[in-house]
Amino acid sequence: MSAPLGYYPGCSQSGTAAEYDISTRACCKALGIELADVPDWTCCGSTPAHTVDHHLAGALSARNLLQAQAAGFDRVITPCPSCLSALKTADAHLAHETYRAKVEHLLGRPGPGPVNCQSVLQVLFEQIGPGGVKAKVTRPLTGLRVAPYYGCIMNRPPGLMNFDDPENPMAMDALLSACGAEVVDFPFKTECCGAAFGMPRLDVMQRLSARILDMARSCGADAIVVACPLCQMNLDLRRGQVNSASGQDITMPVPYFTQLLGLALGLPDADLALGKLVLPLAPALIAAKEREAQREAHREGERAAKEAVKAGHRPAPQPVCEEDAPCA
Amino acid sequence: MRIGVMVCHCGNNIAATVDCEAVAAAAREFPDVVYATDHMYACSDPGQKTIEQTIRDLKLDGVVVASCSPRMHEMTFRRAVERAGLNRYMFEMANIREHVAWISLDRKRNTQKATDLVRMAVEKLRVDRPLTPKSFDVQKRVLIVGGGVAGIQAALDCADGGLDVLLVERKASIGGIMSKLDKTFPTIDCSVCVLGPKMVDAGQNPRITLHTCSEVEEVSGYVGNFEVKIRKRTTYVDWTKCTGCGACQEKCPSRKVPDAFNENISLTTAINIPFPQAIPKRATINAAHCIRLTKGKCGACAKICPTGAIDYEMQDEIITEKVGAIIAATGITLFDHTRLGEYGAGRYPDVVTSLAYERMLSASGPTAGHIKRPSDGREPKTVVFISCVGSRDRSVDRPYCSGFCCMYTAKQAILTRDHIPDSKAFVFYMDIRANGKGYEEFVRRAQEEYAVEYVRGRVAHIYPTAGPDGGQLMVRGADTLLGAQVEVAADLVVLAVGAESSTGAPELAEKLHISYDHYGFFMESHPKLRPVETNTVGIFLAGACQGPKDIPASVAQASAAAGKVLALLSKDKLESDPQIALVQAIRCIGCGKCERTCPFGAIRMRELRDGSKRAEVVETVCQGCGICSVTCPVRAIQLQHFTDSQLLAEVNALCRTWDETTES
């Protein structure tokens, strides 16, 4: 086993998105990726810091990079795309002398050298890959229709994030397929959910999140699978607000991709923390099971009809399997 | 030796920052200089007359002119000294404009540097020797690579001028992209109707030999005497027997082959004739889809062929031809829109390229000219056109404007409104670039007469309104004139894909020894004054291989290239440049290093009677690059006019000047 990767959980993952943190750690462990927390990590600065001052924002992230380097990590991974963006931005800006000087003045010590920051999604996709996941799946998510939703900043700006197609990312699609789920071709993978506008302009967030939910439903998804704690909050915790504004009643659950991955890997319930989701995943899993049962019956019928034809009987007309019709 | 020096003011170009009179005065003190003067414009008629008169009056043996870059006026002055009876190589030029006056405003130091450069030129001239060019025969034939409209036009013009033409085309038929177009802007002429006669002429002209399904494999030789190897790819059909009757195509059971001529929006057979007007109208077998060639069974075409032309055992053939000049006319390919995730990355069948849309509009296309959506065959009522797809986009490394997309988009919008009167057409654009004759008026017609809605802004996202396989496509973009986001529910989206250099263009450029830019477009010799020539003498450019061009511009450049070739090959003999490598046989040790390093194959080893070897330069092949002279361990090869002693004379002159005259 290689040296452990520096793990930067990020604030959300120790609060509103605890289930993301729990399931990430469990999945990594199950797939043989050793994580070690960046010692004494602090907030990356998130959106508020860089909207106020780019140098202060850089200093906040630079401190965490220094902590990681001091602990001997040359690679830092984080589940949260916003943390990742902050860490990568600081890392990139520190290459510029004047920026670096100002940040070092704020830090009161020399800044960090280049650090390779990656998302948990990228590490799972590139290091384990769909093949590696597939080999370890014990409880395939057969029949579960999922809409992978990456959010705005997991892959963008492409020059900075440098991972997957910025307009049509496929990493989560591939991992979920490997788990046995049916991945719908979701056109709103990288649409904005409204992000932090949930606070100053609720109406904007409501409109944008409602669009995503509506599209996922029209694609026939049972669940929207996310990789970002803020997206998850807007689509899950704020569902009541979104539904009330759009006049819809969508109850589709919004699990983290690591939760579904853990489910497929057969991890115990405590490692999945499904109970922390506001909208329960269970109805989606039940729908998947029913769909699979219906398909099995249909296949059974077809087999019987074929044998009947072989035996010289006229085939009875088959009932059309509704679920196989293109989603509309 | 008696040397004259003339220092040019070039108006104020040089005189503003160089004291030309002081340079001339300093030059009078240099060894062997018997005369030095300054002149307002040395290149002007009076300037040249002065040079000629001075040579005669003072019996000069050589002349130095200190003026602009030798790229500009070296030939002017060489001809001037020749008129006065000197050898044209008893002339040196000191570049005191580009290398001095234009790069610094420090008059004192500029004057010093100009004086140094003149001193170097004088010292070199003192050891220069007269050189005489040799003449050689030329092949009065031309090779044209690429059978699009540019290649066809160049071929017809060259043949009209009496040259034999070899027209090499990669595809099975000549015609290029123009043969796929439905109509042309701004006249709405039927494209293949205006191109067809030229294709027929090219096919029937006795001076033109077509090599389709062929590619240039190797090029060697030099202007007037190129030797070209052409690979004739196997077609599995003996074209001397094939009559183009099409019976094989009717019988072929492999019917699910994407039709490349129709931009893969329809299917064809494994053996096929690409389109009805194809020249030559001959069948070819697509080996990847032929049942006989992939599985060993079938053979239906061989059975039906009335002339027995089918030959499954046929192999590629390489032929060698000699030509005097080459025209590259390889055209363009189109941007691959599947790189753009925001436009569906090729996932949505109703998002089509502009060239696929041309096939849908064309009466000879798969829908017989009726516009039908590829997904469900319905007639679209709302068509959205997106311009600049893969043009003016730095994020995909295509920062350049493709030039013609604004125009063909206006044309396609007009045709859409014409074919489906109750339809709506939207065009999302960045800027409208319509700077050709009648072009702006044409776009205005689209907007005003045909009520095409032009929306100024980029499209951010295309997504299906209901599932990827049916319904409509939502096109979301910005309207930067309204400052608003707009969404249009479209039945069909047409992407105005931009131009890219033709597949394999860099490889061909390297075979031809011509330059190409970062994007694979071939480099002209000078962007303004030599737009048809390349830096390799005898090789010319026609059409969009040099940069995106529309049809009239391609045709014009093709005729220009043909004119250049006709002028070049109108002479029975060409003169070779004497500034080439020369072996001093007495010094040569026959090691053969020069033979191995020469990039042009211009050196061969000659065996003497005693069995020892000596290098020998093939004068007509040598390009004068000088690599051999630095490789030679015994300095036996010298580049004429740039010999070691000549270059050292310059270096010594420069170093001595530093010792004596420069202030520290």
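**Exercise 1. Describe chain B as a whole: what share is buried, and what is its secondary structure?**

Step 1. Take burial. Of the 664 residues in chain B, 47% are buried. The model is predicted.

Step 2. Count the elements. Chain B has 18 helices and 34 strands.

Step 3. Take the extent. Along the principal axes, the C-alpha atoms of chain B fill a box of roughly 90 × 70 × 40 Å.

Step 4. Look at the contacts. Among those between residues at least 6 apart in sequence, 70% join residues at least 24 apart.

**Exercise 2. Do the same for chain A: how many helices and strands does it have?**

Step 1. Chain A comes to 14 helices and 7 strands.

Step 2. Its C-alpha trace spans about 85 × 50 × 35 Å along the principal axes.

Step 3. Chain A has 328 residues, and buried residues make up 47% of them.

Step 4. Consider contacts in chain A with a separation of 6 or more. Residues 24 or more positions apart account for 79% of these.

**Exercise 3. Work out how chain A is divided into domains, and which elements of domain 1 touch domain 2.**

Step 1. Set the bounds. Domain 1 of chain A runs over 5-120, and domain 2 over 130-285.

Step 2. Place the centres. Taken over C-alpha atoms, they are separated by 24 Å.

Step 3. Count the residues in the contact. Domain 1 of chain A gives 23 residues and domain 2 of chain A gives 26 residues.

Step 4. Find the elements on the domain 1 side. Those giving two or more residues are α1 (18-30) and α4 (81-93) of chain A. The most comes from α1(A), with 9 residues.

Step 5. Sort that side by class. Domain 1 of chain A presents 11 nonpolar, 10 polar and 2 charged residues to domain 2.

**Exercise 4. Is α8(A) mostly covered or mostly open, and what does it pack against?**

Step 1. Locate the helix. In chain A, α8 covers 171-178.

Step 2. Count its buried residues. They are 6 of 8, so α8(A) is mostly covered under the cut-off of 20 or more other C-beta atoms within 10 Å.

Step 3. Name them. The buried residues are A:A171, A:M172, A:D173, A:L175, A:L176 and A:A178.

Step 4. Find their partners. These buried residues pack against α6 (120-136), β5, β6 (182-183), β7 (223-226) and α12 (257-264) of chain A.

Step 5. Look past the end of the helix. Just after α8(A), A:G180 takes a positive phi of about 95°.

**Exercise 5. Where are the unusual backbone angles at A:P157, B:P186, A:N162 and B:K59?**

Step 1. Recall the usual case. Most residues other than glycine have a negative phi, and most peptide bonds are trans.

Step 2. Check the prolines. The bond from A:R156 to A:P157 is cis, with omega near 0°. A:P157 sits in the loop between β5 (145-149) and α7 (158-161) of chain A. The bond from B:F185 to B:P186 is also cis. Its omega is near -10°. B:P186 is in the loop between β8 (183-184) and β9 (189-190) of chain B.

Step 3. Check phi at A:N162. This non-glycine residue has a positive phi near 55°. It lies in the loop between α7 and α8 of chain A. A:N162 counts as exposed because it has 12 C-beta neighbours inside 10 Å.

Step 4. Check phi at B:K59. Phi is positive, about 55°, although the residue is not a glycine. B:K59 is in the loop between α2 (45-58) and β3 (62-67) of chain B. With 10 other C-beta atoms within 10 Å, B:K59 is exposed.

**Exercise 6. Buried or exposed: how do B:A649 and B:P253 come out?**

Step 1. Begin with B:A649, in helix α18 (residues 644-661) of chain B. It has 20 other C-beta atoms within 10 Å, so B:A649 is buried.

Step 2. Find what surrounds B:A649. Beyond its neighbours within four places in sequence, it contacts B:E123, B:K124, B:R126 and B:V127. B:M120 is 529 residues away along the chain, yet its C-alpha is separated from that of B:A649 by 7.3 Å.

Step 3. Turn to B:P253, in the loop between α8 (247-251) and β13 (257-258) of chain B. It has 12 C-beta neighbours inside 10 Å, so B:P253 counts as exposed.

Step 4. Find the partners of B:P253. Leaving aside its neighbours within four places in sequence, these are B:I291, B:C298 and B:A300. B:K295 is 42 residues apart in sequence from B:P253, and their C-alpha atoms are 13 Å apart.

Key
Residues numbered from 1 in each chain as written. Chains lettered and ligands numbered in written order. Predicted model: local features only at pLDDT ≥ 70, side-chain atom pairs only at ≥ 80, totals over all residues. Helix = DSSP H or I, 4+ residues; strand = E, 2+ residues; numbered from the N terminus. Contact = placed C-beta atoms within 7 Å. Domains from an automatic or database assignment. Nonpolar A, V, L, I, M, F, W, Y, C, P; charged D, E, K, R; others polar.
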